[in-house]
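Got your viewer ready? Load the model, pick a cartoon view with side chains available, and follow along.

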Amino acid sequence: MKKIIFFIIAVTSLPLISSGQFLSEEERDSINTLSRLDHQQTMEQLGITELRPGPSGDPNAPNAANSDESKVQEYTLPTLLEFEDGTEVRTDSDWQERRAEIVELFDREMYGRSLLSLRKDIIE
């Protein structure tokens with residue numbers, strides 16, 4: 001009985017839920033315009049003048065998508081208890097310095113730069 005009631009409610013409310021999906025062409029254009037203006041304003045605030053092109057389908061292009069794993073450069077994680085210059089971490093204060101190096105490396109290589117990461121006074 002519960003399944004039948006649920007089915008009836010679902011069937012009768014479906015038109016109400018989906019009616020919000022149908023926008024007029026004017027409303028869609030308005031949303032697209034606002035979205036484009038927001039994107040442009042964000043790029044101006046971040047100081048971005050142009051976007052990097054995505055991967056190309058042309059295998060001869062400089063930005064060709066790589067699907068051949070043999071072309072991937074070998075990469076290993078850095079040693080945690082060794083500074084970038086090769087000296088070893090020996091004390092607690094050395095570890096604090098090395099930790100700052102690791103955080104900077106992770107921020108730069110994994111997350112990428114953002115305004116929030118550049119504004120460390122906000123985070124701390």
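Start by selecting Glu88: its relative accessible area is 48%, so call it partly exposed (buried is under 20%, exposed over 50%, and partly exposed in between, using a 1.4 Å probe and protein chains only). Keep Glu88 on and add Arg90, since the two side chains meet in a salt bridge at 3.6 Å, N to O. A salt bridge here is a side-chain nitrogen of Lys or Arg within 4 Å of a carboxyl oxygen of Asp or Glu. Arg90 is exposed, with a relative accessible area of 69%.

A quick word on what you're looking at. This is a predicted model, in which local features need pLDDT of at least 70 and side-chain atom pairs count only at pLDDT 80 or more, while totals for chains, interfaces and linings use all residues. Residues are numbered from 1 along each chain as its sequence is written, and side-chain values use heavy atoms, with hydrogens and water left out.

How many salt bridges does the structure hold? There are 2, so hop over to the other stop: select Arg98 and Glu101, whose side chains meet at 2.8 Å, N to O. Both sit in helix 3, 3 residues apart, which means about one helical turn separates Arg98 from Glu101. Is Arg98 buried or exposed? Arg98 is buried, at a relative accessible area of 2%, whereas its partner Glu101 is partly exposed at 22%.

Next, switch to a surface view and pick Leu46, Ile48 and Leu51. They form a nonpolar patch on the surface, with about 260 Å² of accessible area together. To join such a patch, a residue needs over 30% relative accessible area and no salt bridge; nonpolar side chains (Val, Leu, Ile, Met, Phe, Trp, Tyr) are joined within 5 Å, like charges within 9 Å. Areas come from the Shrake-Rupley method with a 1.4 Å probe, and for residues only the protein chains shown count as cover. Zoom in on Leu51: it lies in the loop between helix 2 (25-46) and helix 3 (92-111), and Leu51 is exposed, with a relative accessible area of 56%.

Now zoom out and color by secondary structure. You should find 5 helices and 0 strands (DSSP runs numbered from the N terminus: H or I of at least four residues for helices, E of at least two for strands). Of the 124 residues in the chain, 6% are buried. Finish with the whole surface: the chain exposes about 11800 Å², and carbon and sulfur atoms supply 57% of that area.
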